[in-house]
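Here are a few exercises to work through with the model open beside you. Try each task first, then compare your steps with the solution.

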Amino acid sequence: MKKIFLLIYSTLLLVSCGQSGPGEIQPQRREVQACLDSLVIVNEIPGANFSVVLPDGRIENYSSGYEDIEENIPLRPDRVMFSGSVGKTYAVALLMQLVDQGKVSLHDRFYDYFPDIEWLNRLPNINEISVEMLLKHTSGLPRWVMGPGVWKEISENPDKIWSYSDRLSYVFDMNAVHPAGKGWGYSDTNYLLLGMLIEKLTGEDYYDLVRQNILEPLELKNTHPSLKRNITDLSQGYSRLPALFLSPEKVVTDGKYYFNPQMEWTGGGMASTTEDLARWAGLYYSNTLFSDSLSAKIMAEPDESIQMSPVAWYSLGSFIYKTKSGLAYGHTGFVPGFNAIFAYYPDSDLAVAMQFNSDFAGNRLPHILYLDQLVSFYTGNGGSQDQEHKPGM
């Protein structure tokens, strides 16, 4: 009976999500909290954190559900979670700074910077790939994280420190997904090459650059490089991945993640609170770090040739979403046990983020729809979303 009551209650709450009246710039916190609670219950996920940076700079943080279900520990806004591929945006920001400094062009051929690394020739399309193709995932490079044996190696050597070639060797001698520049296929391999390029051009460690150029000056004090298994204030995470990933149901034991997240590197490679992630969305898309011309390339109109669903496109390191509150620019992220999404809505000047302590949050409801229902309280654009979305986007 209790289960039936909760289902009816949560369904009623879900119907109310996004139904605040026009012109309500700051809704009652209880309405947003009730909507978040219903999203967690109806979609059967352990917990979720939501943060929004308002146009005047104020920040609102919300939590719902549990950090640890078995121990009955509620999730809190100050808990840190891996943000997965959202972390690609830090690499994009550093690269855009190097473009502004004239150290590299988006049209340059990647391989020209590494003529002496012979093993790079074992990557498909390597002689035709430009920097811009890497940023847009149009290189045709396969996904190294899906290579045969990757997750077996992770399981057997959880403390392994991964090198450039360790990662990329999993796609050596593979066929290209498509000719360079002639298609689109999401691949973390692209961003590993961009990380190599950033370190080559600067002569510095990537994470040192992130700290010096982004985290410290922008005071993102609760954002951490994913360089070790013990991450400060790391939440428990829950996994339901296919057997390929060899992941346990609970991915954190005594504060220690079940493998070294250093393997992700510039394919993601960051962990943070949801508030820091929302702040990063506002800082990144409001163009405080690089030139207007490069920002315009990231926040472009949707390119029909790089479309993933009827409402989702890809630009230069970002997804573009058509939502009921206007265009939104952002990125999703996944690592075993965690999902994340951050976005910026330019029409409303809202920066938002959600993090989930599970990797199955997108199984029932696409990540952008979680945001869309919550953002509608701030934009007055309530109502149902009848457009098609692919799970997880």
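Rings of Phe, Tyr and Trp count as a pair if their centres lie within 6.5 Å. Keep in mind that this is a predicted model.

**Exercise 1. Aromatic rings**

Task: Find which residues join F82 in one aromatic cluster, and classify the pair of W184 and Y186.

Solution:
- Step 1. Start from the whole structure, where a search finds 30 aromatic pairs.
- Step 2. For W184 and Y186, the centres are 6.4 Å apart and the planes make 50 degrees. Planes under 30 degrees apart count as stacked and over 60 as edge-to-face, so this pair falls among the rest and is tilted.
- Step 3. Look at the surroundings of each partner: W184 is partly exposed, at 25% relative accessible area, while Y186 counts as buried at 18%.
- Step 4. Now the cluster: F82 is grouped with W151, F245, Y257, Y258, F259, F334 and F338.

**Exercise 2. Charges over rings**

Task: Identify the rings over which the charged ends of R29 and K88 sit.

Solution:
- Step 1. From R29, go to the ring of Y62; the charged end lies 4.4 Å from the ring centre.
- Step 2. From K88, go to the ring of Y191, where the distance to the centre is 5.6 Å.

**Exercise 3. Strand β13 in its sheet**

Task: Place β13 in its sheet and work out which strands flank it.

Solution:
- Step 1. Write down the order of the open, nine-stranded antiparallel sheet: β3-β2-β1-β14-β13-β12-β11-β10-β9. Its edge strands are β3 (73-74) and β9 (307-309), each of which pairs on one side only.
- Step 2. On one side, β13 (residues 338-345) is joined to β14 (residues 350-356) by seven bridges. Bridge partners here include F342 with A353 and I341 with M354.
- Step 3. On the other side, seven bridges join β12 to β13, also antiparallel; G333 is the bridge partner of A340.
- Step 4. Check the turns. The β12 and β13 hairpin has two residues between its strands, and G337 takes a positive phi near 95 degrees. The β13 and β14 hairpin has four residues between its strands, with D349 in the turn at a positive phi of about 55 degrees.
- Step 5. Follow the side chains: F338, A340, F342 and Y344 point one way from β13, N339, I341, A343 and Y345 point the other way, and all are buried.

**Exercise 4. Inside the core**

Task: Find which helix gives the most residues to the largest nonpolar core, then list the contacts of M96.

Solution:
- Step 1. The largest nonpolar core has 129 residues, and M96 is among those with the most contacts inside it.
- Step 2. Helix α3 (residues 88-100) gives the most to this core, with nine residues.
- Step 3. Not counting residues up to four places away in sequence, M96 touches L106, L135, F290, L294, I298 and L316.

**Exercise 5. A loop residue**

Task: Decide whether I231 is buried or exposed, and find what surrounds it.

Solution:
- Step 1. Locate I231 in the loop between β5 and β6 (252-253).
- Step 2. Its relative accessible area is 6%, under the 20% cut-off, so I231 is buried.
- Step 3. Leaving aside neighbours within four places in sequence, I231 is in contact with V80, F82, H224, P225, S226, G255 and A271.
- Step 4. Compare chain and space: I231 and G255 are 24 residues apart along the chain, with their C-alpha atoms separated by 7.4 Å.

How values were computed. Residues numbered from 1 in each chain as written. Predicted model: local features only at pLDDT ≥ 70, side-chain atom pairs only at ≥ 80, totals over all residues. Heavy atoms only, no water. Phe/Tyr/Trp six-rings, centres within 6.5 Å; stacked < 30°, edge-to-face > 60°. Buried < 20%, exposed > 50% of the residue type's maximum accessible area, 1.4 Å probe, protein only. Lys NZ or Arg CZ within 6 Å of the ring centre and 35° of its normal. Pairing = 2+ DSSP bridges. Core = buried A, V, L, I, M, F, W, Y, C linked by side-chain atoms within 4.5 Å. Contact = heavy atoms within 4.5 Å.
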